[in-house]
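This report describes one protein chain, moving from a single residue to the overall fold and then to the pairing of its strands. Please read it beside the sequence and the structure shown here.

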Amino acid sequence: MKIKKFLEEHIKNGEAIKIETQGGAEGALFTDRGEFIPLDDLGFSSELGFFRISDFPFMDNEAA
């Protein structure tokens with residue numbers, strides 16, 4: 001999954017993100033804002049950064 005590589009790179013660069021499992025779904029916990037997004041709903045855009053695909057379905061996901 002390409003999004004996981006994006007996450008790992010951002011974690012390596014010191015961003016406040018943890019990859020973990022919640023409710024049986026693997027995802028990203030953005031520790032600075034206390035938000036968990038499952039990997040299957042997580043996208044990345046150079047304009048927005050990490051985002052919920054379900055909130056921005058029209059946005060180009062560069063990590064697809």
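In which helix does H10 lie? The residue H10 belongs to helix α1, which covers residues 2-12, and the model in which it is placed is a predicted one.

## The helix and two of its residues

Within helix α1, H10 has a relative accessibility of 17% and therefore counts as buried, given that the cut-off for a buried residue is a relative accessible area under 20%. Once residues up to four places away in sequence are set aside, H10 touches E15, I17, F44 and F50.

K5 is also located in helix α1, but with a relative accessibility of 60% K5 counts as exposed, since the term applies over 50%. Between K5 and Q22 the sequence separation is 17 residues, and their C-alpha atoms are 19 Å apart in space.

## Overall fold and dimensions

The secondary structure of the protein chain consists of one helix and five strands, and read from the N terminus these elements follow the order α-β-β-β-β-β. The chain has a radius of gyration of 11 Å, close to the 11 Å that the globule rule gives for 64 residues, so it is as compact as a globular protein of that length. The C-alpha trace spans about 25 × 25 × 25 Å along its principal axes.

Of the 64 residues in the protein chain, 34% are buried. The chain exposes about 4,000 Å², and 48% of this area is supplied by carbon and sulfur atoms. Among the contacts with a separation of 6 or more, 19% are accounted for by residues 24 or more positions apart. As for charge, the chain carries 7 positive and 13 negative charges, whose mean positions are 6 Å apart.

## Pairing of the strands β1, β2 and β3

Strand β1, residues 17-22, pairs with β2 in the antiparallel sense over six bridges, and one of the partnerships is that of E20 with G27 in β2. The hairpin formed by β1 and β2 has two residues between the strands, and in this hairpin G23 takes a positive phi near 55°.

Strand β2, residues 25-30, is in turn joined to β3 by four bridges, and these two strands run antiparallel. L29 has F36 in β3 as its bridge partner. The hairpin of β2 and β3 leaves four residues between the strands, and G34 in the turn has a positive phi of about 65°.

## Two residues of strand β2

Which residues does A28 touch, not counting those up to four places away in sequence? A28, which lies in strand β2, touches L7, I17, K18, E35, F36, I37, L39 and L42 under that condition. With a relative accessibility of 0%, A28 counts as buried. The C-alpha atoms of A28 and L39 are separated by 6.8 Å, although the two residues are 11 residues apart along the chain.

Strand β2 also holds E26, and this residue is partly exposed, its relative accessible area being 36%. Leaving aside neighbours within four places in sequence, E26 is in contact with K4, I19, E20, T21, F36, P38 and L39. E26 and L7 are 19 residues apart in sequence, and the distance between them in space, C-alpha to C-alpha, is 12 Å.

## From the β3–β4 loop to β5

Is D40 buried or exposed? This residue sits in the loop that runs between β3 (35-38) and β4 (42-45), and at 67% relative accessibility D40 counts as exposed, because the cut-off for an exposed residue is over 50%. D40 and A25 are 15 residues apart in sequence, while their C-alpha atoms are 8.7 Å apart in space.

Beyond this loop, β4 pairs with strand β5, residues 49-52, in the antiparallel sense over four bridges, and a hairpin joins β4 to β5 through three residues. The bridge partner of F44 in β5 is F50, and both F44 and F50 are among the residues that H10 touches, which leads back to the helix residue with which this report began.

How values were computed. Residues are numbered from 1 along each chain as its sequence is written. This is a predicted model: local features need pLDDT of at least 70, side-chain atom pairs count only at pLDDT 80 or more; totals for chains, interfaces and linings use all residues. Side-chain values use heavy atoms; hydrogens and water are left out. Buried means under 20% relative accessible area, exposed over 50%, partly exposed in between (1.4 Å probe, protein chains only). The radius of gyration is taken over C-alpha atoms; the globule rule is 2.2 Å times the number of residues to the power 0.38. Contact means heavy atoms within 4.5 Å. Accessible areas come from the Shrake-Rupley method with a 1.4 Å probe; for residues, only the protein chains shown count as cover. Lys and Arg count as positive and Asp and Glu as negative; His and the chain ends are not counted. The place of a charge is taken as NZ of Lys, CZ of Arg, CG of Asp or CD of Glu. Two strands pair if DSSP finds at least two bridges between them.
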